[in-house]
Structures are given as C-alpha cells and as structure tokens.
Amino acid sequence: RATWRRGQRRHELEGSLDYEEKQDYTAEDEADLSYQVDFLRRDGWYLYTKLDYKRDRLEALQERLIAGGGIGRTIHPWHGVNLRLQGGPDVMRFDLQGYGRGIENGGNLQWRIDWKTGLLRLDLTLFHEGEYGWLFVDTDINNLDTRTGVSIPLIDRLVAEIRLDYDRMGPRVPGIDNTDEEWVFALGYTW
C-alpha cells in the first residue's frame, strides 16, 4: 500500500497477491490491485476516481474490474481518530460463477477508521476498513470486504500488522462457500 500527495491530489495504490499450490492442485489464487486519486477540497471533503481489479479463482466472484468515482470525506472526531467515508456509482465488469460474464452499473461504499492509541507509550494503531459494492440490476449480487486489526511499530520504521480479513459474496453458488475469513500477519516499512 502506498499513498502520496502532490498539491491538491492524493494518490493511493494498493495491491496483494495470494497464491498457494498443494500436492498438484491450486489451494489459493487471489490477486487485488487498486488505484485511486482524490481531488482534495475544503473541510476534509474530496472527489475521487478509482480503478479496482480483483481476481479470486476459487470463489463465486472469480474476477471483477471496477471503474468509478464519487465523493468522500475525512473527519477527525477526537484526537488520534480518523474516519474516512466515500461512496459513489461505478461500472463493473465481472465473471460470476453460475451467471457468466457481464458489465453492469453499481454502487460502492467504503469506510476506514483508525485510532492511534498511544497506549503504554506505544504507537499502536487499531483499524477497521471495509468496502460494500452492489449491482443496480440485482442487489442480491453484492460483495462485502472488511479488514480489522492492529498495526504495531517495531524498530526504526519497521511495522508489524495483525488483522482479520473477512469477505462475503451475496449470491449463493452451489459447491462454493460465499464467505472467507483469514488471519494475516504482515511486516511493512513506512517512509
């Protein structure tokens, strides 16, 4: 994940790849890449445009490409707490098992809250973020992705992260679970 700001624009790039093969069969095959540019306004308001690609070969929603835009706001309700909300319309190109490929208009809502606690003189950051997307033609076809965890500073700028990722796909597809939970332990570097 990377974020940088140039003037009144904030750029965000995030990506992940999760692939695992066990005894001649693929146990995990996921990829996620997202880019968003925010056009900053006053009092925490911003307009955004984004492009998001996600692939999960072993789930009901096997692939999706989303292009969209909207409006968002960042607020600071009290010291150390940041809340960010954004939403708007988008266009989704998808491959849904049992439904096939399609291009449909939909909606998207994203949120993130983080709290730099300062507990025990540590700069622990508790966070929860999520995204909910749906199609206008059939709201049963929806997707919820959330991440909840803690970020712990280590030595210098090295950071550890422990989080629970939860995904849920709206329609039930026979033979495929529509929810996925996994614990993630990660190391990162901030600059």
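User: I would like to learn how to read a hairpin, so which residue takes a positive phi in the hairpin of E1 and E2?

Analyst: In the hairpin of strands E1 and E2, which has two residues between the strands, the residue with a positive phi, near 65°, is Gly7. Please keep in mind as we go on that this is a predicted model. Once the turn has been found, look at the two strands beside it: E1 covers residues 2–6 and E2 covers residues 9–22, and the two run antiparallel, joined by five bridges. One place to check this pairing is Arg6, which stands opposite Arg9 in E2.

User: How many residues lie between E9 and E10 in their hairpin?

Analyst: There are four residues between E9 and E10, and in this turn Asp156 has a positive phi of about 50°. The strands themselves run antiparallel and are joined by eleven bridges, and among the pairs you can trace is Thr148 with its bridge partner Leu164 in E10. Strand E10 is also paired with E11, again in the antiparallel sense, through eleven bridges, and here Leu158 stands opposite Tyr189 in E11. As a general guide to strands like these, in a regular strand the side chains alternate between the two faces of the sheet.

User: Turning to empty space, how many cavities of 30 Å³ or more does a search of the whole structure find?

Analyst: The general idea is that rolling a probe the size of a water molecule over the atoms shows where empty space is left. In this structure the search finds three cavities of 30 Å³ or more, and the largest cavity has a volume of about 140 Å³. It is lined by 13 residues, of which Asp56, Glu59, Asn143, Asp167 and Met169 are the closest to its centre.

User: Which strands each supply at least two residues to the lining of the largest cavity, and what classes of residue are found there?

Analyst: The strands to look for are E4 (45–56), E9 (142–153), E10 (158–169) and E11 (179–189), and the largest share, three residues, comes from E10. When the lining of the largest cavity is sorted by class, there are seven charged residues, three polar ones and three nonpolar ones.

User: What lines the second largest cavity?

Analyst: The second largest cavity, with a volume of about 50 Å³, is lined by Leu61, Met92, Gly133, Trp134, Leu135, Ile141, Asn142, Asn143 and Met169. The elements that give two or more residues to this lining are E8 (125–135) and E9, and E8 gives the most, with three residues. By class, the lining of the second largest cavity has six nonpolar residues and three polar ones, with no charged residue.

User: Which residues make up the largest nonpolar core?

Analyst: The largest nonpolar core has nine residues in all, namely Ala60, Leu61, Ile66, Met92, Phe94, Leu96, Leu135, Ile141 and Met169. Two elements, strand E5 (61–75) and strand E6 (81–96), give two or more residues to this core, and E6 has the largest share, with three residues. Leaving aside residues up to four places away in sequence, Met92 touches Arg64, Leu65, Ile66, Gly102, Ile103, Glu104 and Leu135. Counted in the same way, Leu135 touches Met92, Phe94, Glu104, Asn105, Gly106 and Ile141.

User: Why does Leu135 count as buried?

Analyst: Leu135, in strand E8, counts as buried because its relative accessible area is 1%, and the term applies under 20%. Thr125 is another residue of strand E8, and it also counts as buried because its relative accessibility is 12%. Not counting residues up to four places away in sequence, Thr125 touches Asp114, Trp115, Lys116, Gly149, Val150 and Ser151.

User: Is Ile75 buried or partly exposed?

Analyst: Ile75, which has its place in strand E5, is partly exposed, with a relative accessible area of 30%. Its contacts, again without residues up to four places away in sequence, are Val81, Asn82 and Leu83.

User: How far apart in space are Ile75 and Tyr132?

Analyst: From C-alpha to C-alpha, Ile75 and Tyr132 are 20 Å apart in space, while in sequence they are 57 residues apart. For another pair, the C-alpha atoms of Leu135 and Ile155 are separated by 45 Å, and these residues are 20 residues apart along the chain.

Conventions:
Residues are numbered from 1 along each chain as its sequence is written. This is a predicted model: local features need pLDDT of at least 70, side-chain atom pairs count only at pLDDT 80 or more; totals for chains, interfaces and linings use all residues. Side-chain values use heavy atoms; hydrogens and water are left out. On a 1 Å grid over the protein atoms alone, a cavity is a set of points where a 1.4 Å probe fits but cannot get out, and a pocket is an open set with protein on both sides within 12 Å along at least five of seven lines; lining residues have an atom within 4 Å of a point. Grid points are joined across faces, edges and corners, and a volume is the space filled by probe spheres set on the points. Ala, Val, Leu, Ile, Met, Phe, Trp, Tyr, Cys and Pro count as nonpolar, Asp, Glu, Lys and Arg as charged, and the others, Gly among them, as polar. Buried means under 20% relative accessible area, exposed over 50%, partly exposed in between (1.4 Å probe, protein chains only). Contact means heavy atoms within 4.5 Å. Two strands pair if DSSP finds at least two bridges between them. A nonpolar core is a set of buried Ala, Val, Leu, Ile, Met, Phe, Trp, Tyr and Cys residues joined through side-chain atoms within 4.5 Å.
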